[in-house]
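Here is a quick tour for anyone meeting this structure for the first time. Take a look at the picture, then read on.

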Amino acid sequence: MEITFPVIDFSNLNGEDRGATMEMIKDACENWGFFELMNHGISHELMDTVERLTKEHYSKCMEQRFKETVASKGLEAVQSEINDLDWESTFFLRHLPESNISEIPDLEDDYRKVMKEFAVELEKLAEQLLDLLCENLGLEKGYLKKVFYGSKVPTFGTKVSNYPPCPKPDLIKGLRAHTDAGGIILLFQDDKVSGLQLLKDDQWIDVPPMKHSIVINLGDQLEVITNGKYKSVMHRVIAQTDGTRMSIASFYNPGSDAVIYPAPALLEKEAEKSQVYPKFVFEDYMKLYAGLKFQDKEPRFEAMKP
């Protein structure tokens, strides 16, 4: 039986298909950890501008640097599998608690401006999604957002990546398999060059590139807060021999001092199921994750137990 990756038309939440759409989101959160949103409310024109300027910036400022790194490490000629680096060219933008966009070198002013605008739209979408998750879980509206805020605001940032053509995709991954440490991840990916895969039932499944879609996936913190009802899922990027794949992943994460633990209301509802996940401060989890990103998540959860 062919497995169909969940694609959800977000505009259906406003009509008579709301119930069925909420059910699709619920199923995707419980069984996939991933889904793809169409008609999510972010303007196609804005997305096209983000894509154009990201690709221009890569070819102007990043591509040559990447080629030099590859040459200096002799990666063109590798004969055996490489497990300690990724075939990707990246930079990071921070939006919350405070933006660092003005400090990133080599960005044109119009690119800075459009990435700020895009971040505002993504933040709104992330908070909308968190409320839909609350509704599906039977948690009070705003519960997840409140947990993520901690004493201040969430941590929100964007990883801008390009995955250039790779001569040995069987030996070097674009990005090695991992789960995401944080909360909810919103990805604007290339609609022509594929490569993103997730692990489901021990099989690697392609996340289909679709124009103007936003791919959503759940991070480790939502697995903890839902006491395992929703899962963060292993995913990876396969390098391709031709074409450069653009990936703009925005991470809406808890604030550094946010205390993360299974929602008491969920534990009450599932009285027969005991609390499986620990209670911890998000920043402490991130320190641990930094060294263990490409390993299984379960030992990370164990290590956070008192």
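## A pair of strands to start with

In what sense do strand β2 and β9 pair, and over how many bridges? Keep in mind that this is a predicted model. Strand β2 covers residues 34-38, and its pairing with β9 is antiparallel, over four bridges. If you want a spot to look at, find Phe34: it stands opposite Asn217 in β9.

## The seven-strand sheet

Now zoom out a little. β2 and β9 belong to an open sheet of seven strands, and the order runs β1-β2-β9-β6-β11-β4-β3. The pairing here is mixed. In general, strands of a sheet pair through backbone hydrogen bonds, either parallel or antiparallel.

Head for the edges and you'll meet β1 (7-9) and β3. Each has a single partner strand, so one side of each is left without a neighbour in the sheet. Neighbouring strands in this sheet are turned by 25° against each other on average, ignoring direction.

## The helix with a kink

Helix α2 takes up residues 44-72, which makes 29 residues. From its first C-alpha to its last it reaches 39 Å, close to the 42 Å expected at 1.5 Å a residue. There's a bend along the way, though: α2 has a kink of about 55°, centred on Met62. After the helix comes Gly74, with a positive phi near 65°.

Which residues of α2 are buried? Among them are Leu46, Met47, Val50, Leu53, His57, Tyr58, Cys61, Phe66 and Val70, and Met62 at the kink is buried too. An α-helix has 3.6 residues a turn, so residues three or four places apart point the same way. The buried residues of α2 pack against α3 (109-137) and several strands, including β3 (89-96), β4 (155-163) and β11 (245-253).

## A second helix across the strands

α3 lies across β2, β3, β4, β6, β9 and β11. Against β6 it runs at about 135°.

## The four-strand sheet

There's another open sheet to find, this one with four strands in the order β5-β10-β7-β8 and antiparallel pairing. At its edges stand β5 (175-178) and β8 (203-206), each with a single partner strand, so one side of each has no neighbour in the sheet. Neighbouring strands here are turned by 25° against each other on average, direction ignored.

For a closer look, try strand β7 (residues 196-200), which pairs with β8 in the antiparallel sense over four bridges. In that pair, Leu198 stands opposite Ile205 in β8.

Note on methods:
Residues are numbered from 1 along each chain as its sequence is written. This is a predicted model: local features need pLDDT of at least 70, side-chain atom pairs count only at pLDDT 80 or more; totals for chains, interfaces and linings use all residues. Side-chain values use heavy atoms; hydrogens and water are left out. Helices (H or I, at least four residues) and strands (E, at least two) are DSSP runs, numbered from the N terminus. The expected span of a helix is 1.5 Å times one less than its number of residues. The bend at a residue is the angle between axes fitted to the seven residues ending there and the seven starting there. Buried means under 20% relative accessible area, exposed over 50%, partly exposed in between (1.4 Å probe, protein chains only). Contact means heavy atoms within 4.5 Å. Two strands pair if DSSP finds at least two bridges between them. Axes are lines fitted to C-alpha atoms, for helices over the stretch in contact, and angles run from 0 to 180 degrees between N-to-C directions.
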